[in-house]
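Subject: Structure handover

Hi,

Here is the structure I promised to pass on to you. Have a look at it first, and then read on for what I found.

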Amino acid sequence: LTRDDLVVGGGAALEEGQHAAIQIVLFRADTGELLDSSWGSAPATFVVSDTSEIFPVFVEAVRGMNVGGRRLVQMPFTEVWDGAGNENLGLPAAVDLVVVIDLVGSY
């Protein structure tokens, strides 16, 4: 997992146990092809915890962010969909996922 803060948010720091509200844009790491975007729909929310029901790599990706922040994350293919890819998104097996995450809220 590699992370690069593109924008450091000016809002509150996301804390363990809080809900993160995020918007995401997904890309193939090998070609840069846009796969999906959550912009235009309600933000995804999940609890920042080691026992969260979302992929653990997403929890790790948002740790240390501030509300209003934007982070570029490269997620190893072994950490999402067990390396099998996702046909619905157009992500083949054994291809890393690049995600731009905007932390739009926390509570």
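Let me start with Phe58, which counts as buried because its relative accessibility is 6%, and buried here means under 20%. Keep in mind as you read that this is a predicted model.

**The aromatic rings**

Phe58 has a partner in Phe55: the ring centres are 6.5 Å apart and the planes sit at 25°, so this pair is stacked. Phe55 itself is partly exposed, with a relative accessible area of 30%.

Phe55 also pairs with Trp81, this time edge-to-face, with 5.4 Å from centre to centre and 80° between the planes. That second pair links distant parts of the chain, as the two residues are 26 apart. Phe55 is in the loop between S4 and helix H1 (56-62), while Trp81 is in the loop between S5 and strand S6 (97-106). Trp81 is partly exposed too, at a relative accessible area of 25%.

How many aromatic pairs are there? The count comes to 2. Through these ring pairs, Phe55, Phe58 and Trp81 are linked into a cluster.

**The salt bridges**

Next, the charged side chains. As a reminder, side chains of opposite charge can pair when their charged atoms come close. Searching the whole structure turns up 7 salt bridges, and I'll go through some of them here.

Glu60 is a good place to look. One of its salt bridges is with Arg3, where the closest N and O atoms are 3.8 Å apart. Glu60 belongs to helix H1 and Arg3 to strand S1 (residues 2-7), so this pair ties together parts of the chain 57 residues apart in sequence. Both ends are partly exposed: Glu60 has 30% relative accessibility, and Arg3 has a relative accessible area of 41%.

Glu60 also meets Arg63 in a salt bridge, at 3.0 Å from N to O. Arg63 is partly exposed as well, with 21% relative accessibility. Which residues end up in one network? Salt bridges with shared partners join Arg3, Glu16, Asp50, Glu60 and Arg63.

Another salt bridge runs between Asp30 and Arg28, and there the closest N and O atoms are 2.7 Å apart. Is each of these residues buried or partly exposed? Asp30 is partly exposed at 46% relative accessibility, whereas Arg28 is buried, with a relative accessible area of 15%.

**A buried arginine in S5**

Arg71 deserves a look of its own. You'll find Arg71 in strand S5, and with 4% relative accessibility it counts as buried. What does its side chain reach? There is a polar contact of 2.6 Å between the side chains of Arg71 and Asp5. The Arg71 side chain also reaches the backbone oxygen of Arg63, at 2.8 Å, and you met Arg63 above as a salt-bridge partner of Glu60.

If you leave aside the neighbours within four places in sequence, the residues in contact with Arg71 include Arg3, Asp4, Asp5 and Leu6. Also among them are Ala61, Val62, Arg63, Gly64 and Met65, as well as Val99, Val100 and Ile101.

**A nonpolar patch**

Staying in the same strand, Leu72 lies in S5, which covers residues 70-75. At 31% relative accessibility, Leu72 counts as partly exposed. Together with Leu6 and Val7, Leu72 makes a nonpolar surface patch of about 220 Å². Leu6 may ring a bell, since it is among the contacts of Arg71.

**Ser38 and its loop**

Last stop: Ser38, in the loop between strand S3 (34-37) and strand S4 (44-47). Buried or exposed? Ser38 counts as buried, at 14% relative accessibility. Its side chain and that of Gln23 are joined by a polar contact of 2.5 Å. Setting aside neighbours within four places in sequence, Ser38 is in contact with Ile22, Gln23 and Ile24.

**If you want a quick tour**

- Begin at the cluster of Phe55, Phe58 and Trp81.
- Go on to Glu60 and follow its salt bridge to Arg3.
- Then find Arg71 and its polar contact with Asp5.
- Look at the patch made by Leu6, Val7 and Leu72.
- Finish at Ser38 and its contact with Gln23.

Have fun with it, and shout if anything is unclear.

Cheers

Methods
Residues are numbered from 1 along each chain as its sequence is written. This is a predicted model: local features need pLDDT of at least 70, side-chain atom pairs count only at pLDDT 80 or more; totals for chains, interfaces and linings use all residues. Side-chain values use heavy atoms; hydrogens and water are left out. Helices (H or I, at least four residues) and strands (E, at least two) are DSSP runs, numbered from the N terminus. Buried means under 20% relative accessible area, exposed over 50%, partly exposed in between (1.4 Å probe, protein chains only). A polar contact is a pair of N or O atoms within 3.5 Å; within protein, one must be able to donate a hydrogen and the other to accept it, and residues adjacent in sequence count only if both atoms are side-chain atoms. Contact means heavy atoms within 4.5 Å. Patches are made of residues with over 30% relative accessible area and no salt bridge: like charges are joined within 9 Å, nonpolar side chains (Val, Leu, Ile, Met, Phe, Trp, Tyr) within 5 Å. Accessible areas come from the Shrake-Rupley method with a 1.4 Å probe; for residues, only the protein chains shown count as cover. A salt bridge is a side-chain nitrogen of Lys or Arg within 4 Å of a carboxyl oxygen of Asp or Glu. Rings of Phe, Tyr and Trp (its six-membered ring) pair if their centres lie within 6.5 Å; planes under 30 degrees apart count as stacked, over 60 as edge-to-face and the rest as tilted.
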